[in-house]
Amino acid sequence: MDFPSGTPADLARLVADYPLAWLVNSGAHGFFATPLPLVAELDGQGHVAALIGHCSRRNAQVAALQADPRAQVLFMGPQGYVSPALVSRPQWAPTWNFAVAVFAVTVAFDDPGTMPAVRRLTDHVEAGQEQPWRIEQAGDRLPHLMARIIGFRATVTASDARFKLGQEENLPELLEILSGHADPALVGWMRRLNADRLHEQVAPHGDQTTG
């Protein structure tokens, strides 16, 4: 089946909420895959234009990407099994819901951009803390840590997002899954991607209470 691709805002939210991704490429010595947290850079229309990150200078993938900068970046967002136990309709079959994205990118390493890349990631992941940690708090360790890594900007050349989050379900079954599934993150994304249908379902009740 064709899975819904969502909106540019859905894709940007996926990267923001689930920043750990696989950076994958191939080179003269085979395939490389490194898990890295990345931050999206958006263009004026809200599309993901680039992914900013950093990695170890000793990673063999760095040399492979310097020789051929083409790569793919794979994000896995909310996902989970949906059991027939949640649905009252007979013969309803189990399924797996998920939100994933694949970006084709061109990677450019950037020595001067290493500190800004680390700061950008730190600010993003610390944003929800009561007292966000800042990289300067690493003190004397900071120069040694920075010397081991190198920043990069992965320019997006194509993207493929797939949001299979209950859009194919009939509304009664969708409501049962939303009320019974144990994963609040998955349920939240299912509500987000089905917001129009859910709003239509509750709107008549809201109209009845207005006077």
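**Figure 1. Gln91 is an exposed loop residue with a positive phi**. With a relative accessibility of 82%, Gln91 counts as exposed (exposed means over 50% relative accessible area, buried under 20% and partly exposed in between, with a 1.4 Å probe and protein chains only). The model is predicted; local features need pLDDT of at least 70, side-chain atom pairs count only at pLDDT 80 or more, and totals for chains, interfaces and linings use all residues. Residues are numbered from 1 along each chain as its sequence is written, and side-chain values use heavy atoms, with hydrogens and water left out. Gln91 belongs to the loop between β5 (70-82) and β6 (95-110). Its phi is near 65°, a positive value in a residue other than glycine. Most residues other than glycine have a negative phi.

**Figure 2. Seven strands build an open antiparallel sheet**. The strand order is β2-β1-β5-β6-β7-β4-β3. Helices (H or I, at least four residues) and strands (E, at least two) are DSSP runs, numbered from the N terminus; two strands pair if DSSP finds at least two bridges between them. At the edges stand β2 (30-37) and β3 (39-42), each with a single partner strand, so one side of each has no neighbour in the sheet. On average, neighbouring strands of this sheet are turned by 30° against each other, direction ignored.

**Figure 3. Strands β1 and β2 form a hairpin**. Two residues lie between these strands. Strand β1 (residues 20-27) runs antiparallel to β2 and is joined to it by eight bridges. Among the paired positions, Ser26 stands opposite Phe31 of β2, and Asn25 has Phe32 of β2 as its bridge partner.

**Figure 4. Helix α1 packs against helix α6**. Helix α1 (residues 8-17) and helix α6 (residues 184-193) meet at an angle of about 165°, and their axes are 12 Å apart. This angle makes α1 roughly antiparallel to α6 (angles under 35 degrees count as roughly parallel, over 145 as roughly antiparallel, 65 to 115 as roughly perpendicular and the rest as oblique). Axes are lines fitted to C-alpha atoms, for helices over the stretch in contact, and angles run from 0 to 180 degrees between N-to-C directions. The crossing of α1 and α6 is right-handed (the near helix is turned clockwise from the far one by less than a right angle; anticlockwise would be left-handed). Ala9, Asp10, Arg13, Leu14 and Asp17 of α1 make the contact with Trp189, Arg192 and Leu193 of α6, where contact means heavy atoms within 4.5 Å. By class, the contact of α1 with α6 comprises four nonpolar, no polar and four charged residues (Ala, Val, Leu, Ile, Met, Phe, Trp, Tyr, Cys and Pro count as nonpolar, Asp, Glu, Lys and Arg as charged, and the others, Gly among them, as polar).

**Figure 5. Helix α5 also packs against helix α6**. Helix α5 (residues 171-180) and α6 are set at an angle of about 150°, with 9 Å between their axes. The two helices α5 and α6 are therefore roughly antiparallel to each other, and their crossing is left-handed. Leu174, Ile177 and Leu178 of α5 meet Val187, Met190 and Arg191 of α6. The residues of this contact of α5 with α6 comprise five nonpolar, no polar and one charged.
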